[in-house]
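Thanks for coming. I will walk through a few salt bridges and then one pocket; please have the structure open.

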Amino acid sequence: MLRLTEVKLPLDHTEPEIKAAILKRLQINSADLVKYSIFKRSYDARKQGAVCFVYVLDIQTTQEKQLLQRFKKDPHVVPTPDTTYRYVAQAPAPPETRPIVIGNGPCGMFAGLLLAQMGFRPLILERGKTVRDRSVDTFGFWSKGKFNPESNAQFGEGGAGTFSDGKLYSRIKDANRQGRKVLAELVNSGASPEILYVNKPHIGTYRLVKIVENLRHRIEALGGEIWFQSRVETIEIEQGQVRGVTLANGEFIPSRHVVLAVGHSARDTFEMLHRQGVYIEAKPFSIGFRVEHPQALIDRCRLGRQAGHPMLGAADYSLVHHCSNGRSVYSFCMCPGGQVVAATSELGRVVTNGMSQYERSGKNANSGIVVGITPEDYPGGPLAGMDLQRRLEEGAFALGGGTYKAPGQLVGDFLAQRPSTQLGTVKPSYRPGVHLCDLSPSLPDYAIAAIREAIPAFDRQIEGFAMHDAVLTGVETRTSSPICIKRGADYQSLNTKGLYPAGEGAGYAGGILSAGVDGIKVAEAVALSMMESMACKT
């Protein structure tokens, strides 16, 4: 097949117009075109009022050899790359000792799925509940303020990504087709096939619930097991080698291959690993607020007179500003037509995040507006960043009134350095609610100064970004893991053989897609190690 790139068509084009564009671009007759498929579709909004779709198309034609020769100097006409995923191993028989996966978020799910598909019958241990039971607890917290530290927006089947926009894009390279494999398995589990070709695919929170359930059933059908409400108390290590795990109920499960796929909020697990002597380093992350604007404002600024077009949906944005104090402020996890959500996993702490449903039909756009920080800002050892997160979250809890309401402030008041006392036209979406105040005490002075400088700069890119009535809600602290559990080329911990740190919690991913990809990489490493062990025994 041929791959044809940079095919531009107007928003209201029809399917026959795609075919016509192919024939015109390749200078072939209709009879020479066997079929085509869409590999990617994005839109170009750089010129307001003239937004157009841009396609990458895979084409089967009777004239392939001739066309490749004719267009050999054209970078937009090339052979279609092979996107087939290939398994690195297949277990000859069920293993005597099963590999263990700790955590059933995107990383753990895809590590478990791949191990099951390769015949290794993994055991996945999840501290939280099934995705439906967990959803009841999470929405119950948002609506009634009843918090469960083991079942919430962070812990439970599906991980933190379940209560997000369901974004499935990443800047990671995909030379081994692992990213494509993640998307294909999501489609096989019920996601819309459009996630395979739209430029910024997303699933939406409600739809993710059923997809996560289907992934579980597929793992189980292949011989894997998933245990819920099974928190790992200790990873047992002898002479630098993992020998199994002990659960909170005291049960010991032997294994020499343990995938650590906990999320960025598994702080008690990080503390246990540190006590056990597993090598950990502090890593950079970001802190800040959530900001909410009318979605209609963002649509007008990004799409002009074509705002509201059904083919475009709610517009997003990506912003960055390099401040005079040396800090960088950027938008994080932007959720068009979404809501700000309560994302704490610990009692007496307030954390914000954002999520959207598939339709992205909410009145508000929200995004994190965060400041990058490094271990130099929180000296004190590998867990110092985690300690800083806790202090900021405890401060936000107190500033919000001590009831899990989040502290909030209007952007105009924040810039004028005065407390907010009354909401304007933008109604905050955070539940259990927002307590208006002065957000200045909620973050370090350097972060407050940087955000105050960045918002007017963002207003020059998106007119109205600094509108008085836009709402800031605090605090956003869980942008990424504050630690990195270092691993070698074999994906094992630098000083603990058989321990495979993976995904966002270990510092190797950021988001659903990259976490799923890292789960696949680690599953491949586990499979190869287990195949080597099996060969030695025979």
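Let me start at Asp-316, which counts as buried, because its relative accessibility is 12% and the cut-off for buried is under 20%. Bear in mind throughout that this is a predicted model.

What does the side chain of Asp-316 meet in a salt bridge? The partner is Arg-302, at 3.9 Å from N to O. Asp-316 sits in the loop between helix 8 (295-303) and strand 14 (320-322), while Arg-302 belongs to helix 8, so the pair ties together parts that are 14 residues apart in sequence. Arg-302 is partly exposed, with a relative accessible area of 24%. So here a buried Asp-316 is paired with a partly exposed Arg-302.

The next pair is Asp-74 and Arg-25, whose side chains form a salt bridge at 2.3 Å, N to O. This pair links distant parts of the chain: Asp-74 is in the loop between helix 2 (64-70) and strand 4 (77-79), and Arg-25 is in helix 1 (residues 15-26), 49 residues away. Asp-74 is buried, at 17% relative accessible area, whereas Arg-25, at 29%, is partly exposed.

The third pair is Arg-3 with Asp-58, a salt bridge of 2.8 Å, again N to O. Arg-3 lies in strand 1 (residues 2-10) and Asp-58 in strand 3 (residues 52-61), so this contact ties together parts 55 residues apart in sequence. Are these two residues buried or exposed? Arg-3 is buried, at 9% relative accessibility, and Asp-58 is buried too, with a relative accessible area of 7%.

How many salt bridges does the count come to? It comes to 30. Some residues are linked in a network of salt bridges: Arg-267, Glu-271, Glu-346, Arg-349, Arg-390, Glu-393, Glu-394 and Arg-478.

Now the pocket. The second largest pocket holds about 770 Å³ of space. It is lined by 28 residues, and the closest to its centre are Tyr-43, Lys-200, Met-311, Leu-312 and Arg-360. Which element gives the largest share of that lining? Strand 2 (residues 33-44) does, with 3 residues. Sorted by class, the lining of this pocket has 14 nonpolar, 10 charged and 4 polar residues.

To recap the pairs: Asp-316 with Arg-302, Asp-74 with Arg-25, and Arg-3 with Asp-58. That is all from me.

Conventions:
Residues numbered from 1 in each chain as written. Predicted model: local features only at pLDDT ≥ 70, side-chain atom pairs only at ≥ 80, totals over all residues. Heavy atoms only, no water. 1 Å grid on protein atoms, 1.4 Å probe; cavity = no way out; pocket = protein on both sides within 12 Å on 5 of 7 lines; lining within 4 Å. Points joined across faces, edges and corners; volume = space filled by probe spheres on them. Helix = DSSP H or I, 4+ residues; strand = E, 2+ residues; numbered from the N terminus. Nonpolar A, V, L, I, M, F, W, Y, C, P; charged D, E, K, R; others polar. Salt bridge = Lys/Arg side-chain N within 4 Å of Asp/Glu carboxyl O. Buried < 20%, exposed > 50% of the residue type's maximum accessible area, 1.4 Å probe, protein only.
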